[in-house]
Amino acid sequence: MSLRRTKVVAALAGVALLAAGLTACSSERETTPEETSGSGGAAVAGGELIGIAMPTKSLERWNKDGAHLEELLEDAGYETTLQYADNKVDQQITQIQNMINLDPAVLVIASIDGTALGPVLQQAADAGIKIVAYDRLINETENVDYYATFDNYKVGQLQGEFIVDALDLDNAAGPFNLEPFAGSPDDNNAKFFFSGAWDVLSPYVESGKLVVPSGKAPASNDDWASIGIQGWLSDTAQSEMQNRLNSFYGSDKVDVVLSPNDSLALGIEQALESSGYAVGTDWPIVTGQDADQANVVNMLAGRQSMTVWKDTRTLGDQVATMVDQIVKGETVTVNDEETYDNGVKVVPTYLLPPQVVTADTVQSALVDSGFYKASDLGL
Ligand code: GAL
């Protein structure tokens with residue numbers, strides 16, 4: 001460990017002790033002081049330290065997000081402290097409090113529960129710290145200065161349109177059996193994903209071209225949380241899919257599963273396999289999001305039809321730029337000042353475009369761009 005890193009670890013360990021050892025109760029090792037990553041001792045005294053709070057290490061994308069943003073900021077001369085919260089809201093709040101004590105210039109936060117951070121962000125605002133919501137909007141507080149994300153509604157729309165095209169819903173006779181899923185009810189993005197997809201698919205459900213044998217089709221977009229999978233857990237999605245297959249499918253087969261992201265898709269694919277579905281015969285269309293490595297491998301094996309890829313490097317680039325603009329007192333670049341109302345105000349946002357990747361475009365989109373090495377994917 002370098003001297004610079006030792007210094008910040010020591011400082012963070014002190015703060016963690018002050019926080020009554022709360023982080024030490026963590027079940028996720030990376031949140032202990034020793035595992036905290038960061039750079040430079042000088043910034044601990046104030047100045048250009050940037051705090052980065054990420055939700056969990058258990059999903060691949062957040063690991064990539066955190067590492068990339070940290071690297072960009074350090075290359076630009078900032079000091080950083082990066083914390084992961086094991087998907088536990090209290091843990092994230094404690095981590096943010098610890099960061100506030102280090103007097104950062106900006107906090108970049110990918111929240112777990114977007115409605116739970118109001119009080120701690122008031123502390124940050126009182127200390128003059130600016131807040132950037134990363135990927136997920138933070139709700140019910142005026143103390144969120146900017147938001148950067150991918151176009152979340154568009155993610156769902158791309159999934160819905162993929163299904164319409166893949167089944168040729170405008171021409172085929174149907175009906176086709178659909179099982180829809182939605183993301184974590186506490187994640188502000190999940191309702192956008194569902195709305196984007198359901199605005200495309202629900203007309204076909206109403207016309208009878210798509211049938212939902214389990215009955216788990218929300219009555220409206222607003223009811224999406226009734227089919228939400230808390231914490232985006234693969235295991236929960238797997239047992240939910242297994243239950244639906246066991247209870248509502250006899251000789252009938254499911255033709256298509258709307259999965260909002262890759263972690264859910266993994267569980268769904270596991271349930272399909274356990275129920276005897278086979279690639280090349282009756283394996284259904286399964287959607288996803290994030291281009292996680294295991295899912296890309298599954299796409300190449302025919303177990304997943306598509307993923308919506310959000311090149312997290314571009315989000316990191318954008319957020320690093322915004323942070324730099326904030327610190328330098330420059331105008332912060334945004335491109336959407338209408339969509340993301342957090343209940344208190346419309347948060348100025350920078351939206352990035354997501355894109356569909358299928359087995360056919362893995363090489364051109366994910367490998368040629370350097371997002372994965374061919375060997376990561378068995379290519
Ligand atoms: C969302 C995020 C998705 C997905 C999901 C689970 O908020 O936008 O990309 O990763 O969380 O972590």
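How far is an oxygen atom of the ligand from an N or O atom in the side chain of aspartate 290? The answer is 2.7 Å. Keep in mind that this is a predicted model. Let's look at the ligand's surroundings, then at the nonpolar cores.

**Around the ligand**
- The ligand has 13 residues around it, and the closest are Arg61, Asp135, Arg136, Asp187 and Asp290.
- Sort that shell by type and you get six charged, four nonpolar and three polar residues.
- Two helices, H2 (60-75) and H6, each chip in at least two residues of the shell.
- Arginine 136 has a side-chain N or O atom 2.7 Å from an oxygen atom of the ligand.
- For tryptophan 62, the distance from a side-chain N or O atom to a ligand oxygen is 3.0 Å.
- On its own the ligand would expose 300 Å², but the protein buries 99% of that.

**The largest nonpolar core**
- In soluble globular proteins, nonpolar side chains tend to be buried together.
- Here, the largest nonpolar core has 44 residues, and Leu167, Leu210, Met241, Val254, Leu258, Ile268 and Leu272 have the most contacts inside it.
- Elements giving two or more residues to this core include helix H5 (152-166), helix H7 (234-248), helix H8 (262-274) and strand E7 (176-180).
- Helix H6 gives the largest share, with eight residues.
- Leucine 258 touches plenty beyond its neighbours within four places in sequence: among its contacts are Ile163, Leu178, Phe181, Phe194, Trp198 and Leu201.

**A second core**
- Apart from the largest core there is another one, of 26 residues, including Ile50, Ile52, Trp62 and Leu315.

Conventions: Residues are numbered from 1 along each chain as its sequence is written. This is a predicted model: local features need pLDDT of at least 70, side-chain atom pairs count only at pLDDT 80 or more; totals for chains, interfaces and linings use all residues. Side-chain values use heavy atoms; hydrogens and water are left out. A nonpolar core is a set of buried Ala, Val, Leu, Ile, Met, Phe, Trp, Tyr and Cys residues joined through side-chain atoms within 4.5 Å. Buried means under 20% relative accessible area, exposed over 50%, partly exposed in between (1.4 Å probe, protein chains only). Helices (H or I, at least four residues) and strands (E, at least two) are DSSP runs, numbered from the N terminus. Contact means heavy atoms within 4.5 Å. A residue is near a molecule or strand if one of its heavy atoms lies within 4 Å of it. A polar contact is a pair of N or O atoms within 3.5 Å; within protein, one must be able to donate a hydrogen and the other to accept it, and residues adjacent in sequence count only if both atoms are side-chain atoms. Accessible areas come from the Shrake-Rupley method with a 1.4 Å probe; for residues, only the protein chains shown count as cover. Ala, Val, Leu, Ile, Met, Phe, Trp, Tyr, Cys and Pro count as nonpolar, Asp, Glu, Lys and Arg as charged, and the others, Gly among them, as polar.
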